Amino acid sequence: MYTEEEKRKAYNRYQLEWMLSHGKSIEDFYDALRICIRDEYNEFFNESGTTPDDDDVDQIMINAMNHFCMDAGFDGELWDCYDEFIHTEFEVFPEHYLDL
C-alpha cells in the first residue's frame, strides 16, 4: 500500500505530465491562475481600496486554485481530480508516477 504522501506526489507528477501532454506550460498555468485571481478579487480590492496582506494572498491563492480546478482550467480542459486519478491511472501504473 502507498502512503498518502506518495499518492500526493504521484498526483503532482500526473498533473505536470497532463499539462505537458496537452501543450501547457508553467507559464500557461500561471496565466490561467492570474486570470482566476483577477476575476475573483479585482472588484473587491478596487472597491475597498486596500492592499492584500500575506494572509489575504494565501487565501486568494487557495481560492484561485479552487476556482481554476472547479470552473476554469485551461479553457475548460483540466486533469482528472485526485480521487479519479488514484482509482484509475495510479492503480494501473503506480510505478510510473513514483519512479519505482
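The paragraphs below lead through a predicted model, starting with its core, moving on to a pair of helices, and ending with a single residue.

The largest nonpolar core has 19 residues, and the members that touch the most other members are Tyr14, Phe29, Phe68, Phe74, Trp79 and Phe85. Several helices contribute to this core, since H1, H2, helix H3 (54–72), H4 and helix H5 (94–98) each supply at least two of its residues, and the largest share, 5 residues, comes from H1. To see how one of these members is surrounded, look at Phe68, which, leaving aside residues up to four places away in sequence, touches Phe29, Ala32, Leu33, Cys36, Gly73, Phe74, Leu78 and Trp79.

Two packed helices are described by the angle between their axes and the distance between the axes. For helix H1 (residues 4–21) and helix H4 (residues 82–92), the axes come within 10 Å and cross at roughly 90°, and H1 is therefore roughly perpendicular to H4. On the H1 side the contact is made by Glu4, Lys7, Arg8, Ala10, Tyr11 and Tyr14, while H4 brings Tyr82, Phe85, Ile86, Glu89 and Phe90. Sorted by character, the residues of this contact are 7 nonpolar and 4 charged, with no polar ones.

Finally, Asp28 lies in helix H2 (residues 26–48). Is Asp28 buried, partly exposed or exposed? Its relative accessibility is 30%, and because buried means under 20% and exposed over 50%, Asp28 counts as partly exposed. Not counting residues up to four places away in sequence, Asp28 touches Gly23 and Phe74, and Phe74 is also one of the core members named above. Asn63, by contrast, is 35 residues from Asp28 in sequence and 18 Å from Asp28 in space, C-alpha to C-alpha.

Methods. Residues numbered from 1 in each chain as written. Predicted model: local features only at pLDDT ≥ 70, side-chain atom pairs only at ≥ 80, totals over all residues. Heavy atoms only, no water. Helix = DSSP H or I, 4+ residues; strand = E, 2+ residues; numbered from the N terminus. Buried < 20%, exposed > 50% of the residue type's maximum accessible area, 1.4 Å probe, protein only. Contact = heavy atoms within 4.5 Å. Axes fitted to C-alpha atoms, helices over the stretch in contact; angles between N-to-C directions. Parallel < 35°, antiparallel > 145°, perpendicular 65-115°, else oblique. Nonpolar A, V, L, I, M, F, W, Y, C, P; charged D, E, K, R; others polar. Core = buried A, V, L, I, M, F, W, Y, C linked by side-chain atoms within 4.5 Å.
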